[in-house]
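Please look at the structure shown here and read the report that follows, which turns from single side chains to the whole fold.

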Amino acid sequence: RVILLDLDLRRPSLHRIWRTSRMPGMSDYLVGPADIHIHHDERTKVDFVSAGNEPPESQRLLASKRLGDLILKWRETYDYVLLDTPPLLVADSLVISKYSDLVLFVVRPRHCRRTHLKLASHTLDRMGTVRGLLINGVATRRGGYYHYYRGTYYGSKTSETQEN
């Protein structure tokens with residue numbers, strides 16, 4: 001069993017990906033007496049919680065005992081508790097990292113500056129919880145040796161690269 005939490009409270013995205021409402025969500029639960037609303041995707045069998053309303057002090061909410069207790073509770077129920085965080089250069093992600101057993105570093109080529117990548121890498125080295133790198137949004141080129149599975153033969157040109 002897997003649960004995915006959208007903890008990017010300032011610029012959430014999971015509600016768009018899963019095509020559901022942003023509210024109620026994590027911030028609503030952390031701010032006050034609101035119940036937590038768990039969505040379930042039947043196709044993937046994944047439970048998830050959207051971010052909720054944008055709070056004025058997201059860092060304070062994410063450092064709360066209430067979030068820590070909730071994650072501990074879900075560790076007993078779920079095999080995996082995945083925390084979707086803001087980019088590492090946002091302080092919120094460092095606050096959230098204390099709840100993590102491991103960190104996967106997600107990078108999108110041509111969208112992440114090299115200087116930011118070096119700074120993030122240095123920060124992650126000090127954290128000691130990084131266990132992997134995920135490269136996201138890689139565009140593949142058609143044609144050439146490794147694209148036989150797309151219907152071309154080794155080294156042959158595809159319709160996109162053929163000359164007239």
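In this predicted model, D69 has a relative accessibility of 37% and therefore counts as partly exposed, since that class covers values between the buried limit of 20% and the exposed limit of 50%. Its partner K65 reaches 61% relative accessibility, so K65 counts as exposed. The two residues form a salt bridge in which the closest N and O atoms are 2.9 Å apart. Both K65 and D69 belong to helix α4, which runs over residues 65-77, and they stand 4 residues apart in it, about one turn of the helix.

Why can such a pair form at all? Side chains of opposite charge can pair when their charged atoms come close. The protein has 6 salt bridges by the rule used here, which asks for a side-chain nitrogen of Lys or Arg within 4 Å of a carboxyl oxygen of Asp or Glu. Among them are the pair already described, K65 with D69, and two others, K45 with E42 and R60 with E57.

| Salt bridge | Closest N and O atoms |
|---|---|
| K45 and E42 | 2.3 Å |
| R60 and E57 | 2.6 Å |
| K65 and D69 | 2.9 Å |

How exposed are the residues of the other two pairs in the table? In the pair of K45 and E42, the lysine K45 is partly exposed, with a relative accessible area of 49%, whereas E42 is exposed, with a relative accessible area of 53%. In the pair of R60 and E57, R60 is exposed at a relative accessible area of 53%, while E57 is partly exposed at 43%.

From these side chains we can turn to the protein as a whole. Its secondary structure consists of 6 helices and 6 strands, and when the sequence is read along its course, these elements follow the pattern β-α-α-β-β-α-α-β-α-β-α-β. Of the 164 residues in the protein, 34% are buried, and the area that the protein exposes comes to about 11,500 Å², of which carbon and sulfur atoms supply 51%.

A last point concerns how the chain meets itself. If one takes the contacts in the protein whose residues have a separation of 6 or more, 66% of these contacts join residues that are 24 or more positions apart.

Key: Residues numbered from 1 in each chain as written. Predicted model: local features only at pLDDT ≥ 70, side-chain atom pairs only at ≥ 80, totals over all residues. Heavy atoms only, no water. Helix = DSSP H or I, 4+ residues; strand = E, 2+ residues; numbered from the N terminus. Buried < 20%, exposed > 50% of the residue type's maximum accessible area, 1.4 Å probe, protein only. Contact = heavy atoms within 4.5 Å. Areas by Shrake-Rupley, 256 points an atom, 1.4 Å probe, with all protein chains shown as cover.
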